[in-house]
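Grab the model and work through these exercises one by one. Each task comes with a solution in steps.

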Amino acid sequence: MIKVRNAFVIGALLVCMAAVAAGPASAQSSNEKPQATEVGVTASEIHIGVVADVDNPFAPGLFKGAVDGVKAGAAFLNSKDGGGGLAGRKVVVDFYDSHLNGNESRNATIQGCQSDYALVGTSALFLTQVEDIVNCNDQAGQPTGIPDLSAVTTGVPESCSAMSFPAYGTALDCPTVTQNPQTFYGNQGPPKWELSKHKGGLHGVTIVGNDTKDAARGGTILGLTAQKAGIKADQGAPVVAVSGRDPQSVFTPIVQRMKQDGSNWSLNVASANQALLLRNEAQLQGIDPASVLWECASCYGNALVKDNAKSFEGEVQFLGFLPFEEASVNKTTANFVKYMKQVGGTPDQFSAYAYAAVLAFADATNAVVKANGVNGLTRANLIGAIKGLTDFDAGGMLGKRSFKDGKTTSCFLMVQFKGGKWVRQYPTKKGTFDCKASNATTIKANLISG
């Protein structure tokens, strides 16, 4: 597990199959021999590219989990049917390090366009230019585009790209991007559930990361969603922004105001390290940890939490995927944990969504094969098939969502860190989510500068 101490913070990642193939269906012989049909597709291999920020001086190893998740997904696919892989071909992962750099991110997508069938598990915070993805030429020289099934999507250009198919979905209603205010999708299930357990009401502070405007926007969406659900904002503002580089002293006035306001709730959408600094400062100032519902959006699966178990006691988080501890009740989760270990990775939130992205890619590819045969693998067919994934849940590992409308899932579950480990809080039955339609809500706010 990578300990991100000075990480650029991702806001609201953490901020969730009926496949319809593009083109007319036609009968195909099951004995058809695979051939080279598209960029990245040979007679024996299917190449997928993963673009991720890993090697960089600011947050070393930031999205290594996403890379490992894609590799684990490929290892799983290559283990099926006697090692036959996908569509009679071995799945090969090409990794392009974007180094937390805009130019490197663009260069990586250009390489992927030239070498891979699809981009899968993309996790690049500074991917601000998507023209090379949208206008990527296929084998026939047509600007069909290359599908981008990302694990982490924070920027507006990637979120609203015609080739963007995030495993988790996007919080932005893209047709409103030029309007004031814009419309965002939120899941009010978690704060509504929290309020149901605190009859006297909840009020407190939402802390967001401000190292990038995308992180700040994502965190603000979560804060505004909680407030719409009925949790009141203290500190005289909807959110309070901090940097991933800030020392504990930055939290001194925040905690002082929490004491002044009698806050009984806190949502940290900055890094897990910032959550630790907040908890340590609260302890220093004498706040009874049991008097506050401490919530974090980036703590689950982070080794920092278990390394500082006493400080994080009682921390809660909502998840859009099943806890890794529930591998015994869900086959997909079991395979995720198994193949993450096989590739030398440690399960975390980024790897979970990257692994799910590989499964979505596989479902779409299988839909193409069903309709067009093993030699129907073109990017155009693949794009149509991805849009046909309207009921995707990665074998129950994720909360159900549709790639057609692109929205995040309305499903969630709650976990709490107790006695040095994460335990399920709600729903109580393992392997399940709360997926009520009423969880879905919309937020209107001007969070995108012109």
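Before you start, a quick rule for burial: buried means under 20% relative accessible area, exposed means over 50%, and partly exposed is anything in between (1.4 Å probe, protein chains only). This is a predicted model, where local features need pLDDT of at least 70, side-chain atom pairs count only at pLDDT 80 or more, and totals for chains, interfaces and linings use all residues. Residues are numbered from 1 along each chain as its sequence is written, and side-chain values use heavy atoms, with hydrogens and water left out.

**Exercise 1. Place Gly65: find its helix, its burial and its contacts.**

Step 1: look up the helix. Helices are DSSP runs (H or I, at least four residues), numbered from the N terminus. Gly65 belongs to helix 1, residues 64-79.

Step 2: check the burial. Gly65 has a relative accessible area of 6%, so it is buried.

Step 3: list the contacts, meaning heavy atoms within 4.5 Å. Leaving out residues up to four places away in sequence, Gly65 touches Asp348, Phe350 and Ser351.

Step 4: try a distance. From C-alpha to C-alpha, Gly65 and Ala362 are 20 Å apart in space, with their positions 297 residues apart in sequence.

**Exercise 2. Work through the salt bridges of Asp132, Arg257 and Asp391.**

Step 1: set the rule. A salt bridge needs a side-chain nitrogen of Lys or Arg within 4 Å of a carboxyl oxygen of Asp or Glu. Searching the whole structure gives nine salt bridges.

Step 2: take Asp132, whose side chain meets that of Arg106 at 2.5 Å, N to O. Asp132 lies in helix 3 (residues 131-134) and Arg106 in helix 2 (residues 102-115), so this pair ties together parts 26 residues apart in sequence. Asp132 is buried at 18%, while Arg106 counts as partly exposed at 30%.

Step 3: go on to Arg257, which bridges to Asp261 with the closest N and O atoms 3.0 Å apart. These two sit four residues apart in helix 7 (residues 252-261), so about one helical turn separates them. Arg257 has 29% relative accessibility and is partly exposed; Asp261, with 24%, is partly exposed too.

Step 4: finish with Asp391, which meets Lys400 at 3.7 Å, N to O. Asp391 is partly exposed at 34%, and Lys400 is partly exposed at 40%.

**Exercise 3. Classify the ring pairs Phe76–Tyr339 and Phe336–Tyr355.**

Step 1: set the rule. Rings of Phe, Tyr and Trp (its six-membered ring) pair if their centres lie within 6.5 Å; planes under 30 degrees apart are stacked, over 60 edge-to-face, and the rest tilted. By this rule there are 16 aromatic pairs.

Step 2: Phe76 and Tyr339 have centres 5.9 Å apart and planes at 65°, an edge-to-face pair. Phe76 is in helix 1 and Tyr339 in helix 11 (residues 331-342), 263 residues apart, which makes this a link between distant parts of the chain. Phe76 is buried at 16%, and Tyr339 is buried at 6%.

Step 3: the rings of Phe336 and Tyr355 have centres 5.2 Å apart and planes at 65°, so they are edge-to-face. This pair joins helix 11, home of Phe336, to helix 12 (residues 349-372), home of Tyr355, across 19 residues. Phe336 and Tyr355 are both buried.

Step 4: look at the wider cluster. Its members, linked by ring pairs, include Phe76, Phe336, Tyr339, Tyr355 and Trp422.
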